[in-house]
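Student: I want to learn how to read the pockets of a protein. Can we work through one together?
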Amino acid sequence: MPKIHFEKPFTQQEAIPESAIAEAVKVLQSGRLHRYNLVPGEAGEANQLEVEYAKYQGSKYCLATTSGGTAMQIALRAVGAKAGDKILTNAFTLAPVPGAVAAVGGEPIFVETTEDLTIDLKDLEAKFSETGSKILLLSHMRGHIAPMEELCAIAEKHGAVIIEDCAHTMGAEWNGRKSGNFGAIGCFSTQTYKHMNSGEGGFLTTDDADLMAKATILSGSYMLYEKHLARPDMSDYAQARYEMPNCSSRMDNLRASILRPQLKQLDHNIDRWNSRYQVLESAFKNTDGLTVRERPQNEKYVGSSIQFLIPDWPQDKIETFVKNCFDRGVELKWFGNANPVGFTSRYDSWTYAPKQSLDQTVAILKRIMDMRIPLSFSEEDCALIGTIIDEEFTALND
Ligand SMILES: Cc1ncc(COP(=O)(O)O)c(C=O)c1O
């Protein structure tokens, strides 16, 4: 019997909703794409999006940016990161995270990863003590949230500020509190492969008036910050307006206009992601030899991607498995590859960071298989993918 083959592309997102396209056309027709280009009495798409996202997030303030990466760079500068500062971050994350540290002249110091794919709290404590770092850029990588109360207590003990990278946890919660609301600042991405799609884009949220004022000036407000609607009092800008450099990272009205209708659908889409995730999760749980993280009760996750651990196979066998799945249309990302390829990369390939060795993370990365779950896949598609992975894994797992 011929082997079944999966035909859909793993990088194909759903179309932008018609309602969003209609709003985008209006902005295009107006010609007023720049966020501060408003006529008297006009609130503006970017300003309104910020109000709506702050409400969704349950934060006081929100700033829309050009990307998740620029949101993190601004956040780091706002909390006072300076050239030469050691900044702790996850060893298992993606390149824009250490990239943001490097962009402000900081030195990324990587913290080990647990089998739950979260930051290792023991190593976090050790790295705070060893380095004296006062900033943690915490990445909720692939949507896995660490025990946040414990993590925050460790940071507090060391007098460190937390910035959360929520690129993969927009809409996710830990113990009923949204990810992004634990640290001083939450950073989000609306890049095409994330939970809302504006091509490129991002948000920064906070409850801290001073940080928000600094972030707004940093984003490049040309002293027009009064126009923002999800902002603190004008008096909060008194110092920031002179002290903060303009790092031009503003979201424009066009992107904001296509995000506003998507925000209304976000919670519904989270349910859709999770039903697809659960089909894959049960397929992997039924495959002998594969490990899928037991999602903690405290976590409300967004299953926009799924990870499973394979046994500690030799590299050539892992590559054969990935290739055999690929030949049947299933694209797995392997984080163990020393050579960074297509969206994966490993901490030791970021050679701008000081040389570090994290044996525990290397051993775990070697076993992680990662897969995106675009909403263009149906639950039936996910069942088919589960079958293909099961067959290819089982054929090699003697
Ligand atoms: C873990 C993580 N953090 C942050 C980002 C930054 O997002 P952006 O591409 O919007 O800069 C990404 C993007 O892929 C990411 O995967």
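Tutor: Start with the lining of the second largest pocket in this predicted model. Sort its residues by class: six are nonpolar, seven polar and three charged.

Student: Which residues are the closest to the centre of the second largest pocket?

Tutor: They are E14, A15, Q262, N269 and L375. The lining has 16 residues in total.

Student: How much space lies in the second largest pocket?

Tutor: About 250 Å³.

Student: Where does the second largest pocket lie relative to the domains?

Tutor: Check which domains supply the lining. Domain 1 (18–260) and domain 2 (266–396) both contribute residues, so the second largest pocket lies between them.

Student: Now the largest pocket. How much space lies in it?

Tutor: About 520 Å³. Its lining is made of 35 residues, and L94, A167, H168, Q191 and K194 are the closest to the centre.

Student: What classes make up the lining of the largest pocket?

Tutor: Count them by class again. There are 15 nonpolar, 15 polar and five charged residues.

Student: Which helices each supply at least two residues of that lining?

Tutor: Helix 3 (68–78) and helix 4 (96–103) do. Helix 3 gives the largest share, three residues.

Student: And why does the largest pocket lie between domain 1 and domain 2?

Tutor: Use the domain check again. Residues of domain 1 (18–260) and of domain 2 (266–396) both take part in the lining, so the largest pocket lies between the two.

Conventions:
Residues are numbered from 1 along each chain as its sequence is written. This is a predicted model: local features need pLDDT of at least 70, side-chain atom pairs count only at pLDDT 80 or more; totals for chains, interfaces and linings use all residues. Side-chain values use heavy atoms; hydrogens and water are left out. On a 1 Å grid over the protein atoms alone, a cavity is a set of points where a 1.4 Å probe fits but cannot get out, and a pocket is an open set with protein on both sides within 12 Å along at least five of seven lines; lining residues have an atom within 4 Å of a point. Grid points are joined across faces, edges and corners, and a volume is the space filled by probe spheres set on the points. Helices (H or I, at least four residues) and strands (E, at least two) are DSSP runs, numbered from the N terminus. Ala, Val, Leu, Ile, Met, Phe, Trp, Tyr, Cys and Pro count as nonpolar, Asp, Glu, Lys and Arg as charged, and the others, Gly among them, as polar. Domain bounds come from an automatic or database domain assignment.
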